[in-house]
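User: I should like to go through this protein model in a series of questions, from its overall layout to single residues. Please reason briefly and end each reply on the value or name requested.

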Amino acid sequence: MINKILVSQPKPSSDKSPYYDIASDLGVELVFRPFFKVEGLTAKEFRQQKINLLDYTAVVFTSRHAVDNFFNLAKEMRITIPEDMKYFCVIETIALYIQKYVQYRKRKVFFGTTGKIDSLIPTMLKHKGEKYLVPQSSVHNDSISALLDVNKLKHKECVMYRTVSNGLTDEEVKNFDYDMLIFFSPTGVKALKENIPDFKQGDVKVAAFGPATAKEVEAQGLKLDLQAPSTQHTSMTGALRDYLEKQKKSK
C-alpha cells in the first residue's frame, strides 16, 4: 500500500498544485525533497564564455531554470532585453512562466507540444532569420546543437546554471521510509545512490518523468513502476493520480 511518497522537487509555491489535490483525495502523504539544487552562474563566470546576449534575436528555453537564469543574468549585467526579442519554449508551461519577466505577446512567444526540442523545429524554421541563443545547464549533451545544425538554424549554446548536491542529512537517511519515490532528472536518481549507497528498493515503487530519467532509474539497477509523460498523461501528477487510483481499486 502506498501511503508516503517522496517527490524529488521543491515544494510547490501555489496551494492550488495538483499534488495537494492528490494528497487530499487519495489520503497519501507527500514529502517534497529535491536531492540537488540549481545554482545560476555569476555574471563574472558567464562573461568567460564571451557571449553577448544582445547579439541574439531569439532565445530557446528548455526549462524554467533557463528562464530564471537568463533574466537574472541580464539584470546582473545591466542589460535591457529588447522588446522584440523572441522566445521559443519546448512546452506551453514554460512559455507562460516567461510572464514573470516580460509581457506575454503571441507574436514573440512560441511553444512546442511535447516538451522536447523536436516539436519546436517547425516553428523555428518559420523564423529562419533569427539568431538563436540556447541557455543550458553545465550538464548537457550536444543533441540540441546537432538538431539545430541539421536544420541549418543559426544558434549558439551557453551555460547559465549548474546543479549542485543537496545531500540528505543523517537524520533523513535514518528515517528514509517512503513507499514511492518520484524522480524528474537523471541527476536526482544518481543522487539517491550517492546519499544512500546501500539503498535496497524492495517494495518501494519508483516513478520517473522523462525518458532520460527512466533510463537512469534502470541504469542504477532499480525497477521502474511508473513513467510520464505517456500517451495517456502528459504530467506526472496526472500519471500519479491514475496509478494510485488503480492501486486503491485493486486492494
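User: Into which domains is the chain divided, and how far apart do their C-alpha centres lie?

Analyst: The model is a predicted one. Its chain is divided into domain 1, made of residues 2-34 + 179-245, and domain 2, residues 37-162. The C-alpha centres of domain 1 and domain 2 are separated by 28 Å.

User: Which residues does the UniProt domain annotation cover, and how far apart are the end C-alpha atoms of that stretch?

Analyst: According to the unreviewed UniProt entry, the annotation "domain: Tetrapyrrole biosynthesis uroporphyrinogen III synthase" covers residues 24-236. Over residues 24-236, helix accounts for 31% of the chain and strand for 24%. The end C-alpha atoms of this stretch are apart by 17 Å.

User: Why do the buried residues of α1 line one face of the helix, and within what arc do they fall?

Analyst: Helix α1 spans residues 18-26, and its buried residues are Tyr-19, Ile-22 and Leu-26. An α-helix has 3.6 residues a turn, so residues three or four places apart point the same way. Viewed down the axis of α1, the buried residues therefore line one face, since they fall within an arc of 60°.

User: Against which elements do the buried residues of α1 pack, and which residue follows the helix?

Analyst: The buried residues of α1 pack against two strands, β1 (4-7) and β2 (29-32), and against helix α10 (236-250). α1 is followed by a residue with a positive phi, near 65°, namely Gly-27.

User: Which members of the largest nonpolar core touch the most other members, and which helix gives the most to this core?

Analyst: The largest nonpolar core has 42 residues, of which Leu-53, Phe-61, Phe-70, Tyr-87, Met-124 and Met-160 touch the most other members. With 6 residues, the helix that gives the most to this core is α3 (residues 64-76).

User: How many residues does the second, separate core have?

Analyst: The second core is separate, and its members include Val-7, Val-28, Met-180 and Ala-228. The number of residues in this second core is 20.

User: What is the omega of the peptide bond from Ala-228 to Pro-229, and where does Pro-229 lie?

Analyst: The peptide bond from Ala-228 to Pro-229 is cis, with omega near -5°. Pro-229 itself is placed in the loop between β11 (226-228) and α10.

User: Is Gln-201 buried or exposed, and which backbone nitrogen does its side chain reach?

Analyst: Gln-201 sits in the loop between α8 (186-195) and β10 (205-209). Its relative accessibility is 12%, and because buried means under 20%, Gln-201 counts as buried. Beyond its neighbours within four places in sequence, Gln-201 contacts Val-206, Leu-222, Lys-223 and Asp-225. At 2.7 Å, the side chain of Gln-201 reaches the backbone nitrogen of Lys-223.

User: Is Lys-50 buried or exposed, and what is its relative accessibility?

Analyst: Lys-50 lies in the loop between α2 (43-47) and β4 (58-61). Although Lys-50 is not a glycine, its phi is positive, about 55°. Exposed means over 50%, so Lys-50 counts as exposed at a relative accessibility of 75%.

User: Where does Arg-78 lie, and what is its relative accessible area?

Analyst: Arg-78 belongs to the loop between α3 and β5 (86-89). Phi of Arg-78 is positive, near 55°, in a residue other than glycine. Arg-78 is exposed, its relative accessible area being 78%.

Conventions. Residues are numbered from 1 along each chain as its sequence is written. This is a predicted model: local features need pLDDT of at least 70, side-chain atom pairs count only at pLDDT 80 or more; totals for chains, interfaces and linings use all residues. Side-chain values use heavy atoms; hydrogens and water are left out. UniProt positions are given in the numbering used here, feature names are shortened, and annotations may be inferred rather than shown by experiment. Helices (H or I, at least four residues) and strands (E, at least two) are DSSP runs, numbered from the N terminus. Buried means under 20% relative accessible area, exposed over 50%, partly exposed in between (1.4 Å probe, protein chains only). The arc is that of the directions from the helix axis to the C-beta atoms. Contact means heavy atoms within 4.5 Å. Domain bounds come from an automatic or database domain assignment. A polar contact is a pair of N or O atoms within 3.5 Å; within protein, one must be able to donate a hydrogen and the other to accept it, and residues adjacent in sequence count only if both atoms are side-chain atoms. A nonpolar core is a set of buried Ala, Val, Leu, Ile, Met, Phe, Trp, Tyr and Cys residues joined through side-chain atoms within 4.5 Å.
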